[in-house]
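Me: I'd like to learn how to read a protein model strand by strand. Could you walk me through this one?

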Amino acid sequence: MKPEYDLLVIGGGPGGALAARTAAEKGLSVGLVEKRPAIGVPVRCAEGVGRDLLEEFMDPDPAWISAEIDRAVLVAPDGFRMALEPSMAGSEVGYVLDRKRFDRELVMQAAAAGAEIQVKTRAVAPIMENGTVAGARIEQNGQIQDVRAKVVIAADGVESKFARWCGVDTAVPLGDIETCVQYLMTGIEIDDAATVFHLGNEIAPEGYVWIFPKGPKTANVGIGISGRKSRDGSRPIDYLNRFVKSHFPEGRVVEWIMGGVSVCPPLEKTVADGMVIVGDAARVSDPLTGGGIYNAMYTGRLAAQVAADAIAKGDVSANAMMPYDTTWRASKLGKSLDRNYRIKEYFIHLPDAKLNRLVHSISRLDLTKFSTLEIIKELIRHDPTLLLELRAIRDLL
Ligand SMILES: Cc1cc2nc3c(=O)[nH]c(=O)nc-3n(C[C@H](O)[C@H](O)[C@H](O)COP(=O)(O)OP(=O)(O)OC[C@H]3O[C@@H](n4cnc5c(N)ncnc54)[C@H](O)[C@@H]3O)c2cc1C
């Protein structure tokens with residue numbers, strides 16, 4: 001790698017790729033390091049993304065789309081199913097991606113814009129100068145090298161260490177981590193155009209089971225449960241195996257992945273002197289759904305725009321880059337993270353009887369648009385007693 005760049009990006013996921021592409025398009029010299037030998041693998045994702053959200057960044061391409069989704073189905077603990085049809089499914093319609101190809105495409109776009117990409121290259125420590133992040137020490141094929149940068153973007157995902165090494169508190173409480181396991185299953189009877197979510201304390205305590213189509217008779221079948229609910233005999237894999245045995249006994253598992261998703265509030269501050277933190281590393285995945293692909297892309301792009309301005313002005317202090325932090329917090333995304341955290345905290349304590357009542361109620365609502373906020377508003381209109389129970393989030397409505 002070169003010894004110095006304007007911008008050094010740690011991590012080649014969607015957040016890092018968008019940061020690298022945006023900065024390179026603005027004419028900055030950009031280096032991106034990814035510790036894995038190949039971009040996008042292993043996939044640790046159910047691969048679902050909303051259509052509007054994705055199309056904010058790129059035109060959909062069948063080369064990296066596994067399935068098009070036009071409705072979402074919620075299954076209550078008692079087995080009652082309600083479908084959110086296309087007319088009201090809002091951002092729940094969209095795509096199930098092929099992230100092996102999608103992530104690679106994003107990084108190739110960054111490379112085409114001029115970013116230098118290095119795989120199998122790991123950041124092992126920050127370079128700090130007078131409390132300012134001034135680059136990273138990297139390890140590649142056993143060789144250590146210091147790479148300096150005016151700004152470092154920490155895009156190293158949910159297991160992020162870089163920001164912590166720089167003194168930022170990135171700890172996530174166990175109860176705010178969803179531990180996940182997912183099978184890619186084939187030979188199963190599924191609805192090819194629907195994402196399906198199973199709720200219930202017996203099925204997935206403080207989480208849910210998802211079935212996301214990947215093609216004919218093939219789907220990502222996964223589960224996330226709260227880290228504090230996982231113990232011997234009741235680990236995510238135990239719940240998933242029970243679910244698969246009862247729902248898809250005929251299916252075959254062709255891939256098995258595990259991973260964690262943070263469902264906590266975002267970091268209190270996502271900038272430091274010489275550094276910006278994006279995507280899962282900044283804890284900006286959605287606390288209600290665990291979704292974070294769009295959030296990583298959005299924050300990655302914004303981080304590069306703000307860093308480029310700061311570099312142009314010759315001031316890369318945390319203060320100068322604060323517009324990154326304030327802009328995403330004030331955005332639709334930032335507001336939804338705050339609201340969805342509070343909604344999640346309400347939902348995870350619901351007994352199955354109440355979850356049943358909620359799903360049955362949602363099915364009777366006259367929704368013109370599906371979003372968490374619309375559902376809550378309509379539920380309250382339908383059943384004003386709910387307003388009392390939802391007081392924790394009342395001010396958000
Ligand atoms: C089981 C599961 C299911 C999910 N399903 C969905 C879904 O359906 N929809 C959705 O929107 N989101 C989903 N997510 C979340 C989504 O995968 C993440 O939010 C998204 O990938 C975040 O992008 P990122 O760029 O911030 O981080 P990542 O995609 O995690 O990329 C970070 C990269 O940094 C690299 N890295 C880490 N440390 C270093 C280092 N020291 N040096 C160099 N490189 C480093 C990693 O190898 C990795 O490639 C799911 C997550 C899990 C675990």
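Me: Let me start in the middle of a sheet. In which sense do β13 and strand β14 (residues 208–215) pair, and over how many bridges?

Reply: Happy to help, and please keep in mind that this is a predicted model. In general, strands of a sheet pair through backbone hydrogen bonds, either parallel or antiparallel. Here, β13 and β14 run antiparallel to one another, joined over three bridges. To find the place by eye, look for His-198, which stands opposite Val-209 in β14.

Me: What about the pairing of β5 and β13?

Reply: That pairing is parallel, over five bridges. A handy landmark is Val-73, which faces Val-196 in β13. Val-73 also stands opposite Ala-83 in β6. Strand β5 (residues 71–75) and β6 are antiparallel partners over four bridges.

Me: Is β13 itself largely enclosed or left open by the rest of the structure?

Reply: The way to judge this is to count the buried residues in the strand. In β13 (residues 194–198), four of the five residues are buried, so the strand is largely enclosed by the rest of the structure.

Me: In what order do the seven strands of this open sheet come?

Reply: Read across the sheet, the order is β6-β5-β13-β14-β15-β12-β16, with mixed pairing. β6 (81–84) and β16 are at the edges with a single partner strand each, so one side of each has no neighbour in the sheet. From one strand to the next, the twist averages 20°.

Me: Which strands form the three-stranded open sheet?

Reply: That one reads β3-β7-β4, and its pairing is antiparallel. Its edge strands, β3 and β4 (65–69), pair on one side only. The twist averages 25° from one strand to the next. Between β3 and strand β7 (residues 94–97) there are three bridges, in the antiparallel sense. Gly-48 has Val-96 in β7 as its bridge partner.

Me: Now the bigger picture. How is the protein divided into domains?

Reply: A domain need not be one continuous stretch of chain, as you can see here: domain 1 covers 4–44 + 100–171 + 264–330, domain 2 covers 72–96 + 173–262, and domain 3 covers 349–394. The C-alpha centres of domain 1 and domain 2 are 30 Å apart. Each of these two domains gives nine residues to the contact between them. On the domain 1 side, that contact has four nonpolar, two polar and three charged residues.

Me: Where does the ligand lie relative to these domains, and why?

Reply: Look at who supplies the shell. Domain 1 and domain 2 both give residues to the shell around the ligand, so it lies between them. Of the 37 residues around the ligand, Gly-11, Gly-13, Gly-157, Gly-279 and Gly-292 come nearest. Elements giving two or more residues to this shell include α1 (14–25), β9 (121–129) and α6 (293–313). The largest share, three residues, is from α1. By class, the shell has 14 nonpolar, 15 polar and eight charged residues.

Me: One last residue: why does His-247 count as partly exposed?

Reply: Exposure is read here from a neighbour count, with 20 or more other C-beta atoms within 10 Å needed for a residue to be buried and 12 or fewer for it to be exposed. His-247 has 18 C-beta neighbours inside 10 Å, so it counts as partly exposed. You will find His-247 in helix α5 (residues 236–247). Its C-alpha atom is 9.1 Å from that of Ile-188, although 59 residues separate the two along the chain.

Conventions
Residues numbered from 1 in each chain as written. Predicted model: local features only at pLDDT ≥ 70, side-chain atom pairs only at ≥ 80, totals over all residues. Domains from an automatic or database assignment. Contact = placed C-beta atoms within 7 Å. Nonpolar A, V, L, I, M, F, W, Y, C, P; charged D, E, K, R; others polar. Near = placed C-beta within 6 Å. Pairing = 2+ DSSP bridges. Axes fitted to C-alpha atoms, helices over the stretch in contact; angles between N-to-C directions.
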